[in-house]
Amino acid sequence: MTALRQRKGSKGSKEPGPEVLNQRFYPSAEPLERTSDGVWTWRTVLWVAIGWTVGISLGMLSCIYVATLHENDLWFSNIKEVEREISFRTECGLYYSYYKQMLRAPSIQQGLSELINDNATESKRTINLLRRMNIYQEVFLGVLYRILPIQAYLEPVYFYIYTVFSLQAVYVIALFITSWLLSGSWLAGALTGVWYILNRVDTTRVEFTISLRENWSLPFFALQIAAITCYLRPHLKPIQQKVVLWLMFLATLCFCLTWQFNQFILLVQALIIFTLDCLDLISTEQVTCLYLVQVSSLLSVWLLQFCNSMILGSLALSFIVAALFVKHFQRGLKTGGLTARLGKLLLHTVLVLALTFTINYLAKQALQLRSDEHIFKFIKSKFGLGPTRDFDASLYLCEEAFGLLPLDTFDRLAGTLLAYPYLVTLIVLLVMLALLTLANLCDSSAVGRPPKGRFEERPICMRADVAYNLLHTVFFGLLALSTMRMKYLWTGHMCAFAAYGVCGKELWSLCLNTIHCNTKTKLRLIRYTVPLAILGFLCYKFWPKLMTEVSELREFYDPDTVELMTWISSKTPKKAVFAGSMQLLAGIKLCTGRVLTNHPHYEDQALRERTRQVYQIYARQSPEEVHRILRAAGADFVVMEDSVCYERRHGRGCRLRDLLDLSNGHIMDGPGDNDPDLVHAPHPRFCESVKTGGPAYTALFSRVFQNKTFHVYKLKKGKKRAKADREPVAMEDKTQ
């Protein structure tokens, strides 16, 4: 719909503390260089200062980079306000409209009241937006903009987008810290930042989906990973552990508060912690603390979102409760020989999973929760475990973003030399993890105390922070491979993990030991030479490309949508209710403030059903049925798009009209196979036939706006039509 054109001119644990346990797994882990009295040397201070300077610089560079691309793609500073708002595509426009609403409210209290008692987002319904949606960031920015003395210097829209772009700097700095903590060298952080920027296509899409919830939440998720990495490192004092745990909680809280899919990400992370615990790679104290941070964050968000039942019914919360419960009552899990321990671990896993699904089922039944059932329908349909005709599941399955990760992704990652060190590091560490796990399972003396005798001399060892990040990249890598949209959870961390492989001691020590020439001098030489060589190559190869990219000038160009929004703003009542596609209606709310029948925030069962009903305007339905559906939703106007009615973007079976036909049991358009139980529809397609102006259509709908892309029809009152139908009969009676 929107086009871009070239711009002219352009404590009580029986186990040892985390310090002892981590030293067991990687005895060579050592803190930064200090003097005899424990004070850092001046060289260490200088080295750390340089590292922080580089990290902050790379973060700012990333921020400026995406802000420049956004400006150059749209000429954002020079287009009209309505065009700026249209550029907030699909659900982004819906979220931004609440920031705009907070600014336009007479007072902060009034703005909050309107959000808590909103009757403009869904017609004929009053909903609590702070409970339904994750829009605390819009509320926070709206309040901040009102109280700061910046109104005369910075437009509201720039305050918003600059905040989102600034979070990209936080993201890069968090990745920088993670790789620095893992490798012990800030050169790894520098390499991470450069790789993140060069692989922008696969690491972020913030420049064209500014308001998307993931652009707010992923920087906090990266901060949380950095905090977990720091918490699992050896040599941490108790006070340091407490500080890191509080930082971890705050990061997790912000992550959960800004994205509605937080529960599924925390579920994957809880599975990682569970695996580390089962493989005896972290202490019981650490496992419990990590779980409690997740639970505390989820419950805090539950309170902030006015007791949102979707959080209490989440699988993540059910799994953590089950894991802690079973762990507390199942004794002797890590004792015995290999076979006995494997059997105990299998039983432990089965018990945890069974209890998880039981708790989750009972919670959802008690809460009457159906808000997230579309996600489970999608997962079941994706793996062939559920019905393929389900409308909600098909909407996701037919989108490329929810398909498998394309193979050309790996070509791009290899082009920046990211894929090669990542795969080497991943394979080597997985082999080391397998050998270490086997050794731990075979020797029960390793449990709960430092190893003795022959076990002390094992060459295979791994720090807990490294083990966590290894499993993190494996789990989220599998998630990305299965669903392309989830790659943004993986690729950023991939940069940090690959940089750790290049700059860390583990892999290079293994290589030098293999050729019997491992000395501190050679190890240090390689650890500094290789990353510098890679950085030099990347700068040489990609700097001209980056300069070309930031110099390309385009301009926002979408006259049809601008014309539609202008007409709606000037020619329709302010309380008018509009029906149409979810994506378009989000823009209508932002640009015109009109009431909607449906919208893109899909995490509500009643809204999903209404959306399917409203979409009958693109199905084979009679005008009477469409009119009844739209009237039931409270619509005054309906907007139909030729790009949806005559869609060619998807193939047969995935066009919206095909999904509706299948859902209604009708045969699809065009040549191709149909299921034998499908029948021919008794009526023509509404979006096509209404344009013919037949009597059955003009009696219920009148066209009030039209351009090359959009057709707007006003719904006539049903009572008037009935009266009109009765009048001819009365006249005939009189004449007789």
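Helices here are DSSP runs of H or I that span at least four residues, and they are numbered from the N terminus. Every view below is taken from a predicted model.

**View 1. Helix 27 and its final residue, T592.** Helix 27 covers residues 582–592, and T592 is part of this helix. Most of helix 27 is covered, with 10 of its 11 residues buried. Those buried residues are M582, L584, L585, A586, G587, I588, K589, L590, C591 and T592. T592 counts as buried because its relative accessible area of 12% falls under the 20% cut-off. A polar atom of the T592 side chain sits 2.5 Å from the backbone oxygen of I588. Setting aside neighbours within four places in sequence, T592 also makes contact with M565, I568 and S569. Do look just past the end of helix 27 as well, where G593 has a positive phi of about 75°.

**View 2. Helix 11 packed against helix 22.** This close-up brings together helix 11 (residues 213–231) and helix 22 (residues 464–482), whose axes lie 9 Å apart at an angle of about 145°. On the helix 11 side, the contact is made by F221, I225, I228 and T229, while helix 22 brings D465, Y468, N469, H472 and F476. Sorted by class, this contact has 5 nonpolar, 3 polar and 1 charged residues.

**View 3. A226, another residue of helix 11.** Staying with the same helix, we now turn to A226, which is placed in helix 11. A226 has a relative accessible area of 7%, so this residue is buried. Which residues does A226 touch, leaving aside its neighbours within four places in sequence? They are A174, I177, T178 and L181. The C-alpha atom of A226 is separated by 9.7 Å from that of D465, although their positions lie 239 residues apart along the chain. D465 belongs to the helix 22 side of the contact shown in View 2.

**View 4. T483, in the loop that follows helix 22.** T483 is located in the loop between helix 22 and helix 23 (491–503). Is T483 buried or exposed? T483 counts as buried, because its relative accessibility is 7%. When residues within four places in sequence are set aside, the contacts of T483 are K382, A401, F402 and G403.

**View 5. The largest cavity and its lining.** The largest cavity holds about 90 Å³ of space. Around this cavity you will find R132, N134, Q260, N262, Q263, Q305, N308, M310, I311, H601 and E603. Helix 13 (262–278) and helix 15 (309–312) are the elements that give two or more residues to this lining. By class, the lining is made up of 2 nonpolar, 7 polar and 2 charged residues.

**View 6. Two residues with positive phi, H235 and C307.** Neither residue in this view is a glycine, yet each has a positive phi: near 70° for H235 and near 60° for C307. H235 belongs to the loop between helix 11 and helix 12 (238–257). With a relative accessible area of 33%, H235 is partly exposed. C307 is part of the loop between helix 14 (284–304) and helix 15. The relative accessibility of C307 is 37%, so C307 counts as partly exposed too.

**View 7. V287 in helix 14.** V287 has its place in helix 14. How accessible is V287, buried or exposed? At 0% relative accessibility, V287 counts as buried. Beyond the residues up to four places away in sequence, V287 touches I273, D277 and I282. One of these, D277, is 10 residues away along the chain, and its C-alpha atom is separated from that of V287 by 6.7 Å.

**View 8. S643 and T709.** S643 is a residue of helix 30 (residues 642–645). S643 counts as partly exposed because its relative accessibility is 42%. Between the C-alpha atoms of S643 and T709 the separation is 7.1 Å, with the two residues 66 residues apart along the chain.

Terms used. Residues are numbered from 1 along each chain as its sequence is written. This is a predicted model: local features need pLDDT of at least 70, side-chain atom pairs count only at pLDDT 80 or more; totals for chains, interfaces and linings use all residues. Side-chain values use heavy atoms; hydrogens and water are left out. On a 1 Å grid over the protein atoms alone, a cavity is a set of points where a 1.4 Å probe fits but cannot get out, and a pocket is an open set with protein on both sides within 12 Å along at least five of seven lines; lining residues have an atom within 4 Å of a point. Grid points are joined across faces, edges and corners, and a volume is the space filled by probe spheres set on the points. Ala, Val, Leu, Ile, Met, Phe, Trp, Tyr, Cys and Pro count as nonpolar, Asp, Glu, Lys and Arg as charged, and the others, Gly among them, as polar. Buried means under 20% relative accessible area, exposed over 50%, partly exposed in between (1.4 Å probe, protein chains only). A polar contact is a pair of N or O atoms within 3.5 Å; within protein, one must be able to donate a hydrogen and the other to accept it, and residues adjacent in sequence count only if both atoms are side-chain atoms. Contact means heavy atoms within 4.5 Å. Axes are lines fitted to C-alpha atoms, for helices over the stretch in contact, and angles run from 0 to 180 degrees between N-to-C directions.
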